[in-house]
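Me: I should like to go through the reasoning behind the terms applied to this model. Please set each value against its definition.

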Amino acid sequence: MATRDKKYWLFKSEPDAFSWDMQVAKGAKGGIWDGVRNHLAKKNLMSMRKGDLGFFYHSNEGKEIVGIVEVVREHYPDPTAEPAEPWVAVDVKAVKAFPKPVTLAAVKAEPRLAKMSLVTSARLSVQPVMEQEWEIVCRMGRVK
């Protein structure tokens, strides 16, 4: 049986609502990533598998990638949604903070990231990240 390659994602959160520090405080068990109300973002959540990694991005305030999270539980019904609504959530845990946060301006200034979803689909709250984009952003943030 073939194994699926690890995929990479970007999770956006407004730091005044849910910050990187709040994610870190959830500890090794992690916590729920809920409240997504966009069908494409829902599809992305449903594509995630345990062990996938994601960038934690502070939107609105800061506009920067500040850390890495890992998917620790695959999609399930979002408990914050109305019963008749088909929304889903996943659980993620903090893995590593970026020694140097990577700003949206820095991402936009890097020509190799011109097609990154963060640049082309700026409003989408949960986005796929290509492997080469992942590697470039990690180098920019001094993550080893």
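Me: What makes Asn60 notable in the hairpin of strand 3 and strand 4?

Reply: Asn60 takes a positive phi near 60 degrees, and the hairpin has five residues between the two strands. Strands are DSSP runs of E with at least two residues, helices are runs of H or I with at least four, and both are numbered from the N terminus. This is a predicted model, in which local features need pLDDT of at least 70, side-chain atom pairs count only at pLDDT 80 or more, and totals for chains, interfaces and linings use all residues. Residues are numbered from 1 along each chain as its sequence is written, and side-chain values use heavy atoms, with hydrogens and water left out.

Me: Which residue in the loop between strand 3 and strand 4 has a positive phi near 45 degrees, and why is it called partly exposed?

Reply: That loop holds Lys63, a residue other than glycine whose phi is near 45 degrees. Buried means under 20% relative accessible area, exposed over 50%, and partly exposed in between, with a 1.4 Å probe and protein chains only. Lys63 has 41% relative accessibility and therefore counts as partly exposed.

Me: Why is Arg142 called exposed?

Reply: Its relative accessibility is 55%, so Arg142 counts as exposed. Arg142 lies in the segment after helix 5, and its phi is positive, about 60 degrees, although Arg142 is not a glycine.

Me: How do you know that strand 3 pairs with strand 1 and with strand 4?

Reply: Two strands pair if DSSP finds at least two bridges between them. Strand 1 (residues 8–13) is joined to strand 3 by six bridges, in parallel, with Leu10 opposite Phe55. Strand 4 (residues 64–77) is likewise joined to strand 3 by six bridges, but here the strands run antiparallel; Val69 of strand 4 is the bridge partner of Gly54.

Me: What makes strand 3 mostly covered?

Reply: Six of the six residues in strand 3 (residues 53–58) are buried. In a regular strand the side chains alternate between the two faces of the sheet. On one side of strand 3 are Leu53, Phe55 and Tyr57, and on the other Gly54, Phe56 and His58, all of them buried.

Me: Which residues of helix 5 are buried, and what covers them?

Reply: In helix 5 (residues 131–140), the buried residues include Glu133, Trp134, Ile136, Val137 and Cys138. Their cover includes strand 1, strand 3, strand 4, strand 5 (88–103) and strand 6 (126–129).

Me: Why is Ser117 called buried, and what does Ser117 contact?

Reply: Ser117, in helix 4 (residues 117–120), has a relative accessible area of 11%, and is therefore buried. Contact means heavy atoms within 4.5 Å. Apart from neighbours within four places in sequence, Ser117 is in contact with Ala122, Gln127 and Pro128.

Me: How do you know that the radius of gyration of the chain agrees with a compact globule?

Reply: The radius is taken over C-alpha atoms, and the globule rule is 2.2 Å times the number of residues to the power 0.38. For 144 residues a compact globule would have a radius near 15 Å; the chain has 14 Å, so the two agree. Buried residues make up 44% of the chain.

Me: In what order do the elements of the chain run?

Reply: The chain has five helices and six strands. From the N terminus on, their order is β-α-β-α-β-β-β-α-α-β-α.
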